[in-house]
Protein chains: 2
Amino acid sequence: MRIDDPGMIKNAAGRMVPPEVNGNAQIAYKGVNKYISTSKRHAPSVASSANYPLDGNKLTSDLKDALVKSGLKNGMVISTHHHFRNGDYLANQIFDIAHEMGVRDLIWFPSASFPCHQHLIKYLEDGTIHHIEGSMNGPLGRFTSQGKMKGLGVLRSHGGRYQAIQDGEIRIDIAVIGAGCADSFGNANGLSGPSATGLLGFALADSQYAEKVIVVTDNMVEFPCHPWQIQGNYVDYTVKLDKLGDPEKIISGTTQITKSPDRLFLAELTARFCESAGIIKDGFSFQSGAGGTSLAVGEFFRKIMREKGIKARFARGGSNKYLVSMLEEGLVDYILDGQTFDLEGVKSMAGNSHHIDTSPFTSYNYHAKGNFAGMVDVVILGATEIDINFNANVVTHSDGYLLHGIGGWQNCLFSKTVILPVPLFRDRIPVIVDEVTTLCGPGELIDVVVTERGIAINPLRKDLLEAVKGSGLPVMTINELKKEAEKICGRPQKAELDKEIIAVIKWVDGTLLDSVRKVRY
Amino acid sequence: MRIDDPGMIKNAAGRMVPPEVNGNAQIAYKGVNKYISTSKRHAPSVASSANYPLDGNKLTSDLKDALVKSGLKNGMVISTHHHFRNGDYLANQIFDIAHEMGVRDLIWFPSASFPCHQHLIKYLEDGTIHHIEGSMNGPLGRFTSQGKMKGLGVLRSHGGRYQAIQDGEIRIDIAVIGAGCADSFGNANGLSGPSATGLLGFALADSQYAEKVIVVTDNMVEFPCHPWQIQGNYVDYTVKLDKLGDPEKIISGTTQITKSPDRLFLAELTARFCESAGIIKDGFSFQSGAGGTSLAVGEFFRKIMREKGIKARFARGGSNKYLVSMLEEGLVDYILDGQTFDLEGVKSMAGNSHHIDTSPFTSYNYHAKGNFAGMVDVVILGATEIDINFNANVVTHSDGYLLHGIGGWQNCLFSKTVILPVPLFRDRIPVIVDEVTTLCGPGELIDVVVTERGIAINPLRKDLLEAVKGSGLPVMTINELKKEAEKICGRPQKAELDKEIIAVIKWVDGTLLDSVRKVRY
C-alpha cells in the first residue's frame with residue numbers, strides 16, 4: 001500500500017497505517033494502555049508421547065533430515081532466535097537447505113537479524129523467502145527500505161514478538177533453536193560449549209507455541225541438560241552440528257566503555273540527573289544497554305553507589321563484565337538478564353544464582369498479567385530521533401533507511417523513569433526534530449532527554465522537574481534543545497520518501513503504531 | 001449411571017465406562033499408545049498488563065478479597081495443589097469463605113486431597129461443593145464410595161491432570177496456589193519459609209491455564225522471588241496469610257526405612273532382582289517412592305552400587321534424606337524431583353544445583369512431545385491388587401473402598417522396567433487376584449511382581465526371564481504366586497459392590513480406563 005491510499009487508517013498517534021499486513025487484518029494503535037485484547041491465546045496442536053521415542057532420543061541425522069521430518073514446505077513460517085547475533089551460521093543453513101529442496105515463499109520470523117544474514121538476500125530475490133517479520137539490522141533493512149522485499153516487514157519489540165506468538169498473530173510452523181548445550185531429548189540452554197550465549201530466552205515462545213520445534217547444538221550432552229531454558233517436552237527433533245556459529249561474533253570477547261569525551265560527558269550527566277532526582281537510592285533498580293555510553297552510565301552509577309553506600313535490588317540487562325562486577329561487588333542483589341553480551345556475562349549466569357536468566361515473557365510480554373518492565377526504576381535507552389513531543393524513533397535514520405530493530409526498547413518504556421541520553425546531533429544532523437520519521441515510542445512514556453548541551457524533562461513529569469530544581473543541572477525545554485541544535489547545524493531538510501510502505505511498526509499490544517516508507521535512492 | 005446401564009461402553013480393557021462424566025462427553029480407553037488426540041491445547045483468555053498494577057504489586061488484603069476480585073461464583077472450578085499434604089490449611093479456608101459468601105456448586109479440583117480435608121465433607125453435603133475431581137485419600141474417598149457425593153469423582157494421574165488442564169478437558173476458573181515463598185508480583189517457590197515444600201510443580205499447569213490465579217504465602221519476600229517455580233506473569237492476585245499449614249504435617253521431619261523384616265526382605269529381593277537382571281549398571285536411572293519398603297529398596301541399591309562402584313545418572317523422586325545422601329555421596333549425578341518428602345529434600349533442592357525440581361509437565365505429561373518417565377530404567381511402585389494378567393489397582397481396596405489417589409503411578413508405568421514389590425497378602429487377603437477390583441494400570445506395562453514367596457515376571461518380558469535364569473532367584477508364574485497365597489488365606493470372596501458408579505479412572509491420555517462402584521455398607 002501507499003501512505004496516501006484512501007484505505008489507510010489514521011491511528012491514535014496521528015500516523016497512517018494499513019488495514020492489513022501480508023494478508024492479515026490489523027488493529028490501529030489506540031493509545032498507551034487503551035487497547036484491551038479480547039482474544040484467546042494461540043492453541044497449538046496437542047502432541048502425543050506415542051509419536052515420540054520412549055527413550056527420549058530425538059536425534060536426527062542432520063538439519064535437513066529434521067526439516068524434512070518437520071514437513072518443511074512452501075509458505076511456512078520458520079523462526080529462529082538471535083542469541084548468536086552476528087556470528088549465526090544456523091539461519092543461513094536453514095534457507096540453503098530450503099533453497100536446495102526447492103521450497104518457496106517461506107516467511108522468516110527471527111527475533112532479530114544481523115549483517116551476517118545478508119546471505120539471505122539472494123533467497124529474498126529468488127522467492128525462497130517471501131518476506132521477513134522481525135527486526136532487520138543493516139543490509140536486510142537497506143534491501144527492504146529500497147522496496148525490494150515481496151511482503152511487508154513487520155517490526156516488533158522483544159515483548160511484542162512473544163505477544164504475537166502467544167496470541168496467534170503469527171503461527172510458527174517450524175522453530176529452529178540453536179543452543180550452546182542440549183541433550184538428545186531437546187532440553188537446552190546457552191550456558192556452555194563453543195556457541196554459549198548465556199540464555200535462550202528469545203526462543204522461549206517459539207518452543208512453546210510452534211507446531212514443530214528443532215533444537216540444534218554443537219555441544220550435545222547426556223540427559224539431563226540442565227537448566228532446561230528450553231524444555232525438551234516441547235521439542236520434536238534434535239540435531240548435532242559441527243559448528244553453530246562464530247564464537248568471536250556470538251559473544252564479544254570485550255565490551256568496552258566509550259572513550260569519547262562527549263559520550264562520557266553525556267553518561268555522567270545522565271547519572272548526575274538520576275542522583276539529583278533521587279532515583280539512585282537503596283533498593284532501586286535500573287536497566288542500561290551494552291552500548292558504550294550506556295556502559296559508562298553504569299560506571300557512573302557504580303561510583304555514586306559506592307560513595308553513598310547504596311545497593312540496588314536488581315539490574316535488568318543485557319549483562320556484561322561491568323554489570324557482573326557490580327553484582328560480585330555486592331552493589332546489586334540480582335541481575336535479571338535477557339541477553340548476555342560478553343563471556344563474563346555467560347560465566348556469571350552459569351555460576352551465580354543471583355544472575356538470573358529471564359525471557360521476553362517474564363520481562364516484557366504486555367499480554368501477560370503484568371511483566372517486569374514496569375518495576376524498573378530507571379532505564380537508559382538510545383534513539384535515532386526524538387521529536388518535540390518526546391516521541392522517539394529507533395528504527396530508521398533521518399534519511400529514512402530502516403537499519404535497526406526495536407529490541408526491548410518499546411517494552412522498557414514502561415519503566416518508572418525513561419531517560420534517553422543522545423548527542424544533540426550526529427553528522428551535523430540534529431537528533432531532536434519537529435516530528436520523528438518513524439514513531440516507535442509515544443512521547444508520554446519518555447521522561448527525560450539528556451544531551452551534551454542540556455536536559456529536557458517531559459512536562460508530564462512535574463515530579464522530576466520539581467526534584468531537580470536547584471540542582472545546577474542544565475534543564476531546558478525540548479524546544480530549546482532543538483533550537484540549540486539548529487543554531488549549530490541549521491534546520492535540516494526532511495528526507496523525501498517514496499509513498500510506498502515497506503514495513504510496519506507494531507506497538508507492544510499488537511496494534512499498528514506506524515508505517516515505514518520506501519526510500520528514494 | 002449404573003454399571004449395567006445399556007449406555008455404558010466396554011473399553012479396550014474390557015471395562016465398562018460411562019459415555020459422559022459430570023456432563024462432559026468421554027472417550028473410552030483404546031489401549032496403550034492407541035489413542036492419538038487431534039485436539040488443540042486449551043486457549044485461556046489473553047491478559048493485558050493494562051489491567052495489572054504497573055509496579056507489580058498485586059497484594060490484596062486477604063484471601064476473601066482475592067477470591068471476590070477473581071469473581072468467585074456458583075459452579076466454578078477451583079483448583080489447589082497438594083504439596084502441603086496432610087498439613088494443608090488453605091483449601092479448607094477457600095471453601096469456608098465460599099460457604100460464608102453463599103456460593104454453591106463449586107467443583108474442587110485438587111492435585112490430591114488428604115485426611116485434613118475431611119473438613120470439606122460438610123460442604124459436599126450442603127451443596128457448597130458439588131463434587132471433587134482429584135484423588136481422594138482417606139475420608140473423602142470413603143464418603144464418595146458410599147455414594148454421597150453429588151457428581152462423579154474423576155481420578156487422574158499427576159501427568160493426566162496436567163494433560164487434562166492443558167487440553168482443556170477441565171477449565172480452571174480460579175487456581176489458588178499456596179507457596180512457601182512468594183513476592184507481591186506472584187513469583188513463587190517452595191524453597192523457604194515455615195511452609196516450605198521444596199517445589200510447586202503440581203500447581204504449574206494451574207498457573208499456566210487457569211483464568212484467575214491467586215498466590216498465597218506466609219513468607220512474602222521482596223521482588224524477585226527466585227527461582228520462580230510459579231511465574232508472577234501468570235498471577236492475578238497475591239495474598240499474605242499468617243500460616244499456610246502445619247509444617248510438621250507438610251514435610252515429615254523424619255522419613256524412615258521400614259523395620260519390618262518381611263518388608264526388608266521384599267526390598268532386598270527387589271534389589272537383588274535388579275542386580276541379577278543387569279539393571280543396576282553405570283549410568284542407569286531409577287525411581288522409588290517414599291514408603292518404607294521403597295526407601296529400603298533404595299538403600300539396597302546403594303549397597304550394591306557402592307560395592308560395584310556403580311554410579312546412577314539420575315534418580316527420579318519423591319526425594320528424602322536417603323536419596324539426598326546418595327546424591328551427596330556421588331552415587332547419583334542428579335535427582336529429578338517431583339515432590340520433596342522431608343526437610344533434607346527441601347534443603348538439598350534449595351542448595352544443590354544437581355537436585356532439580358521437575359513438574360508433571362516435564363516428567364509425566366503424555367500429551368507432550370515425550371516426557372521423562374520413559375527414560376527411567378527401573379521404577380519401584382506399589383499396588384493394592386494385581387491380577388493374573390499383571391493388571392494392577394492402586395485406588396481401591398478389595399472391599400471396594402476408594403481410599404487412594406493414582407499419583408504418578410500410571411505415568412511411571414512407561415519406565416523401561418516396572419517392578420511392584422507387594423506382600424503376598426494383607427490382613428489375610430491375597431494381593432494377587434483373578435481380576436482387579438479397579439483397573440489403574442494395564443498389565444502389558446507391568447513387568448515384575450516381587451513377593452516374599454517368589455517373583456513373577458510378565459511373559460512379555462522374555463529378556464528379563466532370560467536375564468535372571470540361573471540367578472537362584474525364586475522366579476514363578478503369577479498363577480503360582482496366586483495359588484501360593486490362596487493356599488494360606490483361602491480363596492477370597494469378591495466384595496459385592498453396588499451397581500452405581502461413583503467415580504471414574506482416567507488413563508494418561510484422558511480416556512476412561514475404568515469405573516469405580518459404590519460400596520454396600
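**A walk through the core, a helix and some unusual backbone**

Leaving aside neighbours within four places in sequence, B:Ile214 is in contact with B:Ala66 and B:Ser70, with the run B:Ile174, B:Ala175, B:Val176 and B:Ile177, and with B:Asp236, B:Tyr237 and B:Val239. The coordinates behind this contact list, as behind everything that follows, belong to a predicted model.

The wider setting of this residue is the largest nonpolar core, which has 335 residues and in which A:Ile177, B:Ile177 and B:Ile214 are those with the most contacts. In chain B, both domain 1 (55-133 + 170-250) and domain 2 (261-496) give residues to this core, so the core lies between them. In soluble globular proteins, nonpolar side chains tend to be buried together.

In chain A, A:Ile172 can be followed in a similar way. This residue is placed in the loop between α5 (158-166) and β9 (174-179) of chain A. Is A:Ile172 buried or exposed? Because 24 other C-beta atoms lie within 10 Å, and 20 or more are required, A:Ile172 is buried. Not counting residues up to four places away in sequence, A:Ile172 touches A:Val77, A:Ser79, A:Phe109, A:Ile165, A:Asp206, A:Tyr209, A:Ala210 and A:Glu211. The C-alpha atoms of A:Ile172 and A:Ile78 are separated by 6.2 Å, although these residues are 94 residues apart along the chain.

Helix α15 of chain A offers a check on geometry. Its 12 residues, 478-489, should span 16 Å at 1.5 Å a residue, and the end C-alpha atoms are indeed 16 Å apart, which agrees. Within α15(A), the residues A:Ile478, A:Leu481, A:Lys482 and A:Ala485 are buried. Seen down the axis of α15(A), the buried residues fall within an arc of 100 degrees, so they line one face of the helix. An α-helix has 3.6 residues a turn, so residues three or four places apart point the same way. On the face of α15(A) turned away from the buried side are the exposed residues A:Asn479 and A:Lys487. The buried residues of α15(A), for their part, pack against six strands of chain A, namely β22 (425-426), β23 (429-430), β24, β25 (448-451), β26 (454-457) and β27 (475-476). Just after α15(A) comes A:Gly490, which takes a positive phi of about 80 degrees.

One of the strands packed against this helix, β24, also belongs to an open sheet of three strands in chain A, whose order is β20-β19-β24 and whose pairing is mixed. The edge strands of this sheet are β20 (392-393) and β24 (432-433) of chain A, each of which pairs on one side only. Strand β19 (residues 385-387) of chain A runs antiparallel to β20(A) and is joined to it by two bridges, with A:Ile386 standing opposite A:Ala392.

The loop between β19 and β20 of chain A holds A:Phe390, which has a positive phi of about 70 degrees although it is not a glycine. With 26 C-beta neighbours inside 10 Å, A:Phe390 counts as buried. A:Asp427, in the loop between β22 and β23 of chain A, likewise has a positive phi, near 50 degrees, in a residue other than glycine. Here, however, there are 7 C-beta neighbours inside 10 Å, and A:Asp427 counts as exposed.

Two peptide bonds also deserve attention. The bond from A:Gly317 to A:Gly318 is cis, with omega near 20 degrees, and A:Gly318 is found in strand β15 (residues 312-319) of chain A. In chain B, a cis peptide bond with omega of about 0 degrees joins B:Phe223 and B:Pro224, and B:Pro224 lies in the loop between β12 (212-217) and β13 (237-240) of that chain.

The last stop is a group of strands in chain B. Strands β25 (residues 448-451) and β26 (residues 454-457) of chain B pair in the antiparallel sense over four bridges, and a hairpin joins β25(B) to β26(B) through two residues. Strand β26(B) is also joined by two bridges to strand β27 (residues 475-476) of chain B, this time in the parallel sense. How these pairings meet can be traced at B:Ala456, which is the bridge partner of B:Val449 and also stands opposite B:Met476 in β27(B).

Conventions: Residues numbered from 1 in each chain as written. Chains lettered and ligands numbered in written order. Pairing = 2+ DSSP bridges. Expected span 1.5 Å × (residues − 1). Buried ≥ 20, exposed ≤ 12 C-beta atoms within 10 Å, placed from the backbone. Arc of directions from axis to C-beta. Contact = placed C-beta atoms within 7 Å. Core = buried A, V, L, I, M, F, W, Y, C linked by C-beta atoms within 7 Å. Domains from an automatic or database assignment.
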